[in-house]
Structures are given as C-alpha cells and as structure tokens.
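The following paragraphs lead the reader through one molecular structure. The sequence and the coordinates come first, and the explanation follows.

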Amino acid sequence: MIRIADMDVVFAPGTPDENIALRRVNLKLDPGDFLTVIGSNGAGKTTLYNAIAGTVQTAGGRIFIRENRPGGGPAGERDITREAEYKRARYIGRIFQNPLLGTAGRMTLADNMMLCHKKGYRGLKISLTKSMRDRFREHLRSLGMGLENRLNDNVELFSGGQRQALTLLMTVMSKPSLLLLDEHTAALDPRNAEMIMDMTLRFAKDYSLTVMMITHNMAQALEFGNRLLMMDRGEIIMDINAEEKSKLSASGIVQRFRDIKKRELDNDEMLLG
Ligand SMILES: Nc1ncnc2c1ncn2[C@@H]1O[C@H](COP(=O)(O)OP(=O)(O)OP(=O)(O)O)[C@@H](O)[C@H]1O
Ligand SMILES: [Mg+2]
C-alpha cells in the first residue's frame with residue numbers, strides 16, 4: 001500500500017527555468033491495485049515514479065508505505081518521504097523502457113540474479129550457494145525461455161525481450177510492495193511486447209503485486225488493470241475505477257479530457273473577466 005499526500009516536485013526552483021513538474025498530487029493505492037497511467041509527453045508520469053522511488057527530491061508533501069512482507073517493519077504506515085533511494089529499492093521495484101537498463105550486460109546471469117538478491121543491502125556479502133543456484137534455475141524455468149541452462153552466460157548475449165523478461169523476473173522475485181513500470185514494453189517488437197505484458201499480468205496475479213504501469217498505448221491502458229489515471233501538466237486529472245473503465249472506450253477518454261480542458265479554459269476566462 002502506498003499513499004501520497006499533497007506532493008510537489010519543482011525543478012530549478014527560483015530560477016527562470018523553474019518547472020513545477022508535480023502539483024499537489026494525492027494518490028492512495030490499495031494492496032493488489034493495478035493502475036494504468038496515461039498522459040501526454042511531459043505530463044509528469046516519470047517524475048511521479050522518480051518521486052516515489054526517491055530519485056528526485058520532493059518540494060512538498062509526504063509519501064507513506066505499508067510494506068507487505070512479514071517482518072518488513074512496523075505494521076502501520078511508514079513515512080518514507082526522506083528515505084534514501086537505495087533503501088526504497090528494497091520494497092519498490094522499477095522497470096524502464098530500455099531493456100538493457102535492468103540487467104548488467106557484462107555480468108553473468110547468475111551474478112545478475114545475485115546482485116538483485118542483495119539489492120538495497122549495501123556492502124552485504126552473500127556468496128552463491130548451490131541452493132541459491134537451484135532456486136534461480138527454478139525461477140528461470142518459469143519464463144519458458146530456456147534461460148535456466150544459461151546461468152554462466154553474460155547477459156549481453158541475450159535479446160531485448162529476454163533481458164526485459166529477466167528484469168521482470170528478478171524484480172518480482174524480491175517481492176516488492178510496489179512495482180513501477182515505465183512504458184516497459186514500448187521498446188520491444190510486438191511479439192516480445194505481448195510476451196512481456198502476459199508475463200506482467202501473470203506475475204501480478206501470482207505474487208499479488210501492487211502495480212503502476214505507465215503506457216502510451218490507450219488500448220493497453222483500458223484493457224489491463226483495475227484503475228486508470230490520467231496525468232496532465234503535473235496533476236492527476238482522471239482517476240477511473242474498474243467499473244467505469246470497463247464501460248469506457250479510447251474516444252470516451254479523449255472526450256473526457258476535452259471536457260476537463262474546456263472547463264479549465266472557461267474558468268481561466270472567467271478569472272480574466
Ligand atoms: N531531472 C529533471 N530536471 C529538470 N526537469 C525535468 C527533470 N525530469 C523531468 N523534468 C521535466 O518535468 C516535466 C515532466 O517530465 P516527465 O519526464 O515526468 O514526463 P512524462 O509524463 O514521463 O513524459 P513522457 O511521456 O515523455 O515520458 C517535463 O517538463 C520535464 O522536462
Ligand atoms: Mg516518462
């Protein structure tokens with residue numbers, strides 16, 4: 001579970017380039033929610049992820065989390081607004097558009113999985129035991145790509161689709177309380193994009209994940225998940241639940257967007273007199 005209260009992100013504050021990238025954002029996710037997030041370029045989608053993951057500093061507001069792992073901290077909500085990015089990485093998983101980003105190409109598959117295993121625990125030394133190797137193999141087998149036989153291969157030998165599948169698997173294996181997907185199928189060919197999307201849905205269900213998925217594909221945004229957010233100019237301007245979403249079409253969303261914009265324009269005109 002995650003809760004964001006009145007969050008602002010401002011780039012280059014107090015300079016002529018000042019840019020309010022997030023404006024008073026409020027959002028509460030329930031465990032098991034699968035949100036699709038849409039919005040035009042520069043709307044603030046990635047910035048919202050960066051703020052949640054601790055990659056950018058917030059100018060105002062609070063972020064709270066309730067971790068879903070047993071023994072993962074106090075039972076109640078925890079304020080993580082000031083927590084370092086590497087610590088949040090223990091319970092917030094993140095996947096990017098570029099399939100090369102989630103894995104280290106010059107390292108073997110086994111070493112990549114080890115690295116992921118100790119993510120968020122700086123300096124901790126863990127060596128690869130036989131039982132870990134067996135467990136990695138078992139997980140890799142579930143991908144159905146034959147990667148369980150390639151633990152000693154450098155990951156740079158794998159295709160983009162295979163690397164994104166690995167990133168997804170490694171991220172999910174750490175049982176994140178929140179999984180942030182930032183257009184994670186957009187750089188793949190249609191067949192691999194579909195394969196990764198299927199895998200995402202399967203993992204989300206099997207591991208009861210809470211997911212936010214940014215996509216520029218309106219059909220995807222409508223088809224998947226139980227909730228849809230639209231962002232515009234640093235604000236969440238639509239938050240549509242499963243029931244409403246099932247009745248909406250892409251053109252319906254566009255029409256809603258136009259209505260919101262028109263109301264904004266009318267308000268501006270009224271203010272200007
Ligand atoms: N590190 C940064 N420094 C300065 N400005 C930034 C930074 N990151 C993002 N911005 C600005 O913040 C605004 C929101 O950007 P963001 O990347 O969140 O958009 P987005 O919705 O993810 O867009 P896209 O669909 O193109 O990925 C943009 O005006 C962008 O230029
Ligand atoms: Mg983005």
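In what order do the four strands form an open sheet? The order is 2-1-4-5, and the pairing is antiparallel. Two strands are said to pair if DSSP finds at least two bridges between them. Helices (H or I, at least four residues) and strands (E, at least two) are DSSP runs, numbered from the N terminus. Strand 2 and strand 5 are the edge strands, each pairing on one side only.

Before going further, the reader should know that this is a predicted model, in which local features need pLDDT of at least 70, side-chain atom pairs count only at pLDDT 80 or more, and totals for chains, interfaces and linings use all residues. Residues are numbered from 1 along each chain as its sequence is written, chains are lettered from A and ligands numbered from 1 in the order in which they are written, and side-chain values use heavy atoms, with hydrogens and water left out.

Within the sheet, strand 1 (residues 2-11) and strand 4 (residues 60-65) are joined over five bridges in the antiparallel sense. Ile4 has Ile63 of strand 4 as its bridge partner, and Ile2 stands opposite Ile65 in that strand. Strand 4 also pairs with strand 5 (residues 78-79), again antiparallel, over two bridges. There, Phe64 has Asp79 in strand 5 as its bridge partner. Strands of a sheet pair through backbone hydrogen bonds, either parallel or antiparallel.

The next element to consider is helix 1. Eight of the nine residues of helix 1 (residues 45-53) are buried, so the helix is largely enclosed by the rest of the structure. Buried means under 20% relative accessible area, exposed over 50%, and partly exposed in between, with a 1.4 Å probe and protein chains only. The buried residues of helix 1 are Lys45, Thr47, Leu48, Tyr49, Asn50, Ala51, Ile52 and Ala53. Just after the helix, Gly54 takes a positive phi of about 90°.

Helix 1 also takes part in the surroundings of ligand 1. There are 13 residues around ligand 1, and Asn41, Gly42, Lys45, Thr46 and Thr47 come nearest; a residue is near a molecule if one of its heavy atoms lies within 4 Å of it. Three polar contacts can be described, a polar contact being a pair of N or O atoms within 3.5 Å; within protein, one must be able to donate a hydrogen and the other to accept it, and residues adjacent in sequence count only if both atoms are side-chain atoms. An N or O atom in the side chain of Asn41 is 2.8 Å from an oxygen atom of ligand 1. A polar backbone atom of Gly42 is likewise 2.8 Å from an oxygen atom of the ligand. For Thr47, an N or O atom in the side chain is 2.5 Å from an oxygen atom of ligand 1. Taken alone, ligand 1 exposes 640 Å², of which the protein buries 60%. Such accessible areas come from the Shrake-Rupley method with a 1.4 Å probe; for residues, only the protein chains shown count as cover. Strand 2 (19-29) and helix 1 are the elements that give two or more residues to the shell around ligand 1. The largest share, three residues, comes from helix 1.

Further along the chain, one aromatic pair is counted. Phe203 and Tyr207 form this edge-to-face pair, at 5.9 Å centre to centre and 70° between the planes. Rings of Phe, Tyr and Trp (its six-membered ring) pair if their centres lie within 6.5 Å; planes under 30 degrees apart count as stacked, over 60 as edge-to-face and the rest as tilted. Phe203 counts as buried because its relative accessibility is 3%, whereas Tyr207 is partly exposed at 26%.

Thr210 lies in the loop between helix 6 (190-206) and strand 8 (211-214). At 2% relative accessibility, Thr210 is buried, and its side chain reaches the backbone nitrogen of Gly32 at 3.0 Å.

Two loop residues complete the account. Glu183, in the loop between strand 7 (178-182) and helix 6, has a positive phi of about 50° although it is not a glycine. Glu183 is buried, with a relative accessible area of 17%. Arg233, in the loop between strand 9 (227-232) and strand 10 (235-241), has a positive phi near 45° and is also a residue other than glycine. Arg233 is exposed, because its relative accessible area is 56%.
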